[in-house]
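Welcome to a short guided tour. Keep your viewer open and follow the selections one stop after another.

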Amino acid sequence: MSAAGTRPSSSATNTVTLANPSSGQSQSLVLRLNRRKKKVTWKEGTVDNEFMQKKSSKKCCIFHKDKPFDEDTSDDEDHDHDHDHHHHHDDHHSKDAGETSSLLHLLEPGFKEMVVPRDLPELIRRWMDREAMESELSKILIFGGTGYIGKYLVKVSVLLGHKTFVYARPTPNTPQTSPSPSYNSTRNSTPWGELEEHEKMVSVLRQVDVVISALAFPQVLDQLKIIDSIKVAGNIKRFLPSEFGCEEDRVSPLPPFEALLETKRKIRRAIEATEIPYTFVSANGYGAYFVNLLLRPHDQQQDHIVVYGNGQAKAVLNYEEDIATYTIKVANDPRTYNKVVIYRPETNIISQLELISLWEQKTGRSFKRVHTPEEELVKLSETLPHPENIPVSILHSLFVKGDFMSFELGEEDIEASKLYPDSKFTTIHQLLDIFLIDPPEPATAAFA
Ligand SMILES: NC(=O)c1ccc[n+]([C@@H]2O[C@H](COP(=O)([O-])OP(=O)(O)OC[C@H]3O[C@@H](n4cnc5c(N)ncnc54)[C@H](OP(=O)(O)O)[C@@H]3O)[C@@H](O)[C@H]2O)c1
């Protein structure tokens, strides 16, 4: 390839010349950058990017119209938005030298001339894509990121490319100087903090865009402190409080569970009153958590399975990894702004009796069904001391009354699997397969 073959004339700016100085044998390009262009800046009045209060930095908005490559473009900065939007967005991924040059202005100062590998444009593109992705993606702070569902949230948030921070309380062994878990970032660390440390919380909140709380039930009301801090910080684009269960505004279970839901409702009302942008997540049943609780797959000796009530009420069980994935998605989705999202995929609606039959098919074993009548659960919910009365009233609500499925979804409701038709929840079948291969460990939720 000759020097002329490097398409300088299609360069979008005169500040870069791409030329291959040698014959087709060479695997190098000479790249001369005569001046460093400014970074993208935002004019007053630039429109929000889809309610997220973010300014788009998509390349489509920094496209430079074709010019002779030696023409000064210094005045063009102000005309970036005058471009013809008819160029196809697939252009973002084309190998056009002009576009590559539009990326080069972000290289470090001092980068003047060097011999570079032929695939540099591609490398730059990838580097820029990653940088662009990081700057486009929200920064997420997770409270309760060391807990049961919190760990899944942190993992997925990192995997999806978000800079992810965990506000974690120090343990007795935590040195004051060590950073708390901060993921996907070598440039940031988050101090350990207690929920009472308002100033610290505000300063951490100011570094992020989205806040997800996965605090345990006993800390639900402590989220009022998070709300106060979010109010003061003033920059949070979305807050997802610790809910992750049934749609608390549409069910009325036995009193011990009702009292628990009432504290979660208090948080909903406080968020609405302070006008913090929110998404409320009704994730329904944690799949692995309840498979462990109902089927006891770790107990190889058992010959029976307890069935609560008649075992026919339908429940919804979603694998925790999916709950985390959809939660990170909805936390960043303009369609879920100030909305409740319900995770009710059709493949995950199942009764206890169906679940047991499916497990028998998969394991080749058979289990005696031992029923605990509804009246017994109601009685236990009235007689057991707090907090032991809570789990029985939850079992009654979810598996006897069928509260996950006790209301129809209307036109206005947002159901997660419909929101992202291209993604698929792990089905109950698949979840039981996971239990056959590598059973997730049983867990117990904290109620006090
Ligand atoms: N839908 C369902 O099937 C289902 C099942 C269970 C729970 N849930 C709901 O899921 C949400 C999260 O529950 P979870 O079981 O995942 O919680 P968890 O495992 O008990 O995790 C609790 C988190 O809260 C933190 N925490 C505990 N006490 C704290 C304190 N005093 N100050 C600050 N942080 C504290 C823990 O930090 P440390 O690591 O420092 O202790 C941990 O990160 C809750 O809203 C719960 O009601 C739903």
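A residue is called buried here when its relative accessible area is under 20%, exposed when that value is over 50%, and partly exposed in between. By that rule, 50% of the 448 residues of the chain count as buried. Please keep in mind throughout that this is a predicted model.

**The whole chain**

Begin with a cartoon view of everything. You will find 13 helices and 16 strands in the chain. If you switch to a contact map, consider the pairs with a separation of 6 or more: 74% of those contacts come from residues 24 or more positions apart. Now turn on the surface. The chain exposes about 22200 Å², and carbon and sulfur atoms supply 53% of that area.

**The ligand and its shell**

Next, select the ligand and the residues around it. How many residues surround the ligand? There are 21, and the closest are T146, Y148, S242, F244 and Y286. Colour the shell by residue class and it divides into 10 nonpolar, 8 polar and 3 charged residues. Two elements to highlight here are α3 (148-159) and β10 (285-286), each of which supplies at least two residues of the shell.

Now show distances for the polar atoms. Start at T146, where an N or O atom of the side chain is 2.6 Å from an oxygen atom of the ligand. Move on to F244: here a polar backbone atom lies 2.6 Å from a nitrogen atom of the ligand. At N284 there is again a polar backbone atom to pick, 2.8 Å from a nitrogen atom of the ligand. Taken alone, the ligand exposes 920 Å², and the protein buries 78% of that.

**Salt bridges**

Hide the ligand for now and display the charged side chains. The structure holds 23 salt bridges, and three of them make good stops.

Select K237 and D209 for the first stop. They form a salt bridge with their closest N and O atoms 3.8 Å apart. The pair links distant parts of the chain, 28 residues apart: K237 sits in the loop between α5 (223-233) and β8 (238-240), while D209 is in the loop between α4 (198-205) and β7 (210-213). Are these two residues buried or exposed? K237 has a relative accessibility of 15%, so it counts as buried. D209 also has 15% and counts as buried.

For the second stop, go to R268 and E247, whose side chains meet in a salt bridge at 2.9 Å, N to O. Because R268 lies in helix α6 (residues 255-274) and E247 in the loop between β8 and α6, the pair ties together parts that are 21 residues apart in sequence. R268 is buried, with a relative accessible area of 1%; E247, at 4%, counts as buried too.

Stay in this region and extend the selection to E243, E248, D249, R250, R269, E272 and D413. Together with R268 and E247, these residues are linked in a network of salt bridges.

The third stop is E354 with K314, where the side chains meet in a salt bridge at 2.7 Å, N to O. E354 belongs to helix α9 (residues 352-363) and K314 to strand β12 (residues 314-318), so this pair ties together parts that are 40 residues apart in sequence. E354 is partly exposed, with a relative accessible area of 35%, and K314 counts as partly exposed at 34%.

**Two loop residues**

To finish, look at two residues that lie in loops. Select E408, in the loop between α11 (389-401) and β16 (414-415). E408 is exposed, with a relative accessible area of 70%. Leaving aside neighbours within four places in sequence, E408 is in contact with R250 and D413, both of which you met as members of the salt-bridge network.

Then select T336, in the loop between α8 (320-331) and β13 (339-342). With a relative accessible area of 0%, T336 is buried, whereas E408 is exposed. Which residues does T336 touch, not counting those up to four places away in sequence? They are R238, Y278, T279, V330, V341, I414 and L419. Zoom in on V330 before you leave: the T336 side chain reaches the backbone oxygen of V330 at 2.5 Å.

Notes. Residues numbered from 1 in each chain as written. Predicted model: local features only at pLDDT ≥ 70, side-chain atom pairs only at ≥ 80, totals over all residues. Heavy atoms only, no water. Helix = DSSP H or I, 4+ residues; strand = E, 2+ residues; numbered from the N terminus. Buried < 20%, exposed > 50% of the residue type's maximum accessible area, 1.4 Å probe, protein only. Polar contact = N/O pair within 3.5 Å; in protein donor to acceptor, adjacent residues only side chain to side chain. Contact = heavy atoms within 4.5 Å. Near = heavy atom within 4 Å. Areas by Shrake-Rupley, 256 points an atom, 1.4 Å probe, with all protein chains shown as cover. Nonpolar A, V, L, I, M, F, W, Y, C, P; charged D, E, K, R; others polar. Salt bridge = Lys/Arg side-chain N within 4 Å of Asp/Glu carboxyl O.
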